[in-house]
Number of protein chains: 2
Amino acid sequence: MEQGLEGVIAATTRLSSVDGQGGKLILAGYAVEDLAPSASFEEVAYLLLMGQLPNSTELEAFTRRLSALRELPDIAIEVLKQAARREVPPMDALRMAVPLLSLTTNGDPLDLALSAIAAFPTIVGAYARLLKGLSPVAPEQSLTHAAHYLHQLTGEVPSPEQAWGLETYLNTVCDHGLNASTFAARVIISTGSDVISAITGAVGALKGPLHGGAPGPALDMVFDIGEPDRAEPYLRDKLARGERLMGFGHRVYRVRDPRADVLGQAASRFYSSSSDRKLYDLARTVETTALKLLQERKPDRRLDTNVEFYTALLLHGLGIPKDFFTPTFAVGRVLGWSAHCIEQIQNGRLIRPQSEYVGATDLHYKDNCARDETNSVSL
Amino acid sequence: MEQGLEGVIAATTRLSSVDGQGGKLILAGYAVEDLAPSASFEEVAYLLLMGQLPNSTELEAFTRRLSALRELPDIAIEVLKQAARREVPPMDALRMAVPLLSLTTNGDPLDLALSAIAAFPTIVGAYARLLKGLSPVAPEQSLTHAAHYLHQLTGEVPSPEQAWGLETYLNTVCDHGLNASTFAARVIISTGSDVISAITGAVGALKGPLHGGAPGPALDMVFDIGEPDRAEPYLRDKLARGERLMGFGHRVYRVRDPRADVLGQAASRFYSSSSDRKLYDLARTVETTALKLLQERKPDRRLDTNVEFYTALLLHGLGIPKDFFTPTFAVGRVLGWSAHCIEQIQNGRLIRPQSEYVGATDLHYKDNCARDETNSVSL
């Protein structure tokens, strides 16, 4: 009862396999550490949507098709402007703009999915600029998907290292089993509804703080520590006060989260060519110290650095503001939502569990009216 | 596997109890046939949101609070205009406008719920007018909720009979266990997201044709038959061709759906004061004939007139166009979605089932690149 369907199997999927005991994440047949740092986002999108990696001809056609869908309907920009004027949180702004995509898109589920995948970077990038008082920039079709997002955010064409760093991140987080937002998308599409409706619902679910994927606080601690030699006293204090160290441990993975490895290596490679090496070194010191102290306190429990820690480090290095970490996660995860929708359309059926009624069953409307009349008289 | 969670209990609730075997629907303690035709929508809303019927003082304050929230943000009207220009289906237009409510509303979950409940009639009514090339009318605070909706649709203050007919309908459909849209709302809110996000997701799920609640086709048949003496040959033909009779039978109720009784009586009462008595008599002839023929064919299986049949009859009598039947259902059901959100916030936890991975696990990215290079050479 009320167990949140933990352990209940609600769908079969060919999209991703999350093995928390073994520390493995498979994306449509490929280990995340094999696929994410090497493939382009477009290849991964093709893989998840079509079931296998594309050959070069297929990839070229797919890339062209996807990049042609970056433009937003004018009214979506207008909505984002109004949202920015009221400083609406970015995830709410995204949830306002996404449903408008069906103004300019129709077609089969794949068309709708590609529209959403292509437009998410435009929406999020435009909104980040509007919040800073800047104008959105026109989408540039010639850029790769990852570069397109950074261009939308900054107005600049990113360096290859920046585009690669973001692409690795998007590939790494594009799908992760039946998390709450993906499940929401599958429930919605299971009624025979459309992909934009399902993705809109998923955005709403991802917004919730219990969803996971919001890597903000992990880096706050690093900034708060500020200097490598403050790491140990700071962390000892925190643990002594019984506080949790953000960035360590995961609900599902009992051993090392493979995404943490991929993103840790991506951060290392990215910062090696970046001017902000100092932050990276600080973060690594904080990490080493935190793991040492956690090990001291609970020698029998292995707590590893989690995906949030490296995500925060990498996204910060790419110049993405902290309140845009979750929308950036959405830019990656919209691929998984889309692929799950298409899979659910192909082989699923209506998802319709039951509730158990625990209330009264024998009340009568007229009794209440009588009660009220008695009350009125006695007043 | 892939069974759509049928029979799995995903939540406990005090809001409604659907007993398909016994033919009973309880709304927060009251049998639907006791509550729906007698209580006002405002009373039912208070009951579901607050857990008990209001006394007169509570009802007055609640009614004032709800009716003050009918106005839409300007940009929502602008979005509906753009949608109407493109003849977007009404449920998509609703799903575009609802998320914009968080532009003008914040506050606790109850505030957001009341904003949505109050604004649904404004959105749906405005969109129905815009689709016909008419301007939306300003919401009138002094009207009851049911009258407000009809006023938004037609621009006229409805008769007491019309308002009562719609109110009975809204009360009857306001909640019905853990249907797919309500479940979508609970999944979304279970992440700690907000009520507007959850309701937006639910609108998307309700749109799907497998959801149920779309009573259009039932009345098509009645119109198609046209004259009482054509009913029997028409229906015999249809059954002989192996076609289903829309408006009879229900997935859940094995005996008579209690909502069908309530709405059948409401239709009878409504049409007795209406000029369109002829349609009502025709519909009743079609019903009697259909039940007789179904009984002849399958004497051992009891197939009753379902809620869609009377819904279509009643809503048609109220002047609601067929493509606005599902949005009108949403005007009622948004109450249940809201109440389930508040209940989920109070006593639920993250809803996060599992998927079973059935794909490959041993693919390697480099193998694919090699395959492609081989392909390229051989071309």
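**Notebook: chains A and B**

I began with a single pair: Asp194(A) makes a salt bridge to Arg95(B), with the closest N and O atoms 3.3 Å apart. I'm working on a predicted model here, so I checked that pair against the cut-off: a Lys or Arg side-chain nitrogen has to lie within 4 Å of a carboxyl oxygen of Asp or Glu.

Next I asked how many salt bridges the rule finds across the interface of chain A and chain B. I got 6. On the chain A side that touches chain B, I noted 40 nonpolar, 38 polar and 19 charged residues. For polar contacts across this interface I have 44 residue pairs, both residues at pLDDT 80 or more.

Then I looked up the extent of the contact. Chain A puts in 97 residues, and chain B puts in 97 residues. Between them the two chains bury about 8,600 Å², and carbon and sulfur atoms account for 58% of it.

I also went looking for strands that pair across the chains. I found β5 of chain A (residues 354-357) running parallel to β1 of chain B (residues 9-13), with 4 bridges. Within that pairing, I traced Gln354(A) to its bridge partner in β1(B), Ile9(B).

Last stop was a sheet in chain B. I read its order as β2-β3-β4, an open sheet of 3 strands with antiparallel pairing. Which strands sit at the edges? I have β2 (16-19) and β4 (30-31) of chain B, each pairing on one side only. Strand β3 (residues 24-27) of chain B is joined to β4(B) by 2 bridges, antiparallel. For Ile26(B), I noted Ala31(B) as the bridge partner in β4(B).

How values were computed
Residues numbered from 1 in each chain as written. Chains lettered and ligands numbered in written order. Predicted model: local features only at pLDDT ≥ 70, side-chain atom pairs only at ≥ 80, totals over all residues. Heavy atoms only, no water. Pairing = 2+ DSSP bridges. Contact = heavy atoms within 4.5 Å. Buried area = accessible area lost by both parts, 1.4 Å probe. Polar contact = N/O pair within 3.5 Å; in protein donor to acceptor, adjacent residues only side chain to side chain. Nonpolar A, V, L, I, M, F, W, Y, C, P; charged D, E, K, R; others polar.
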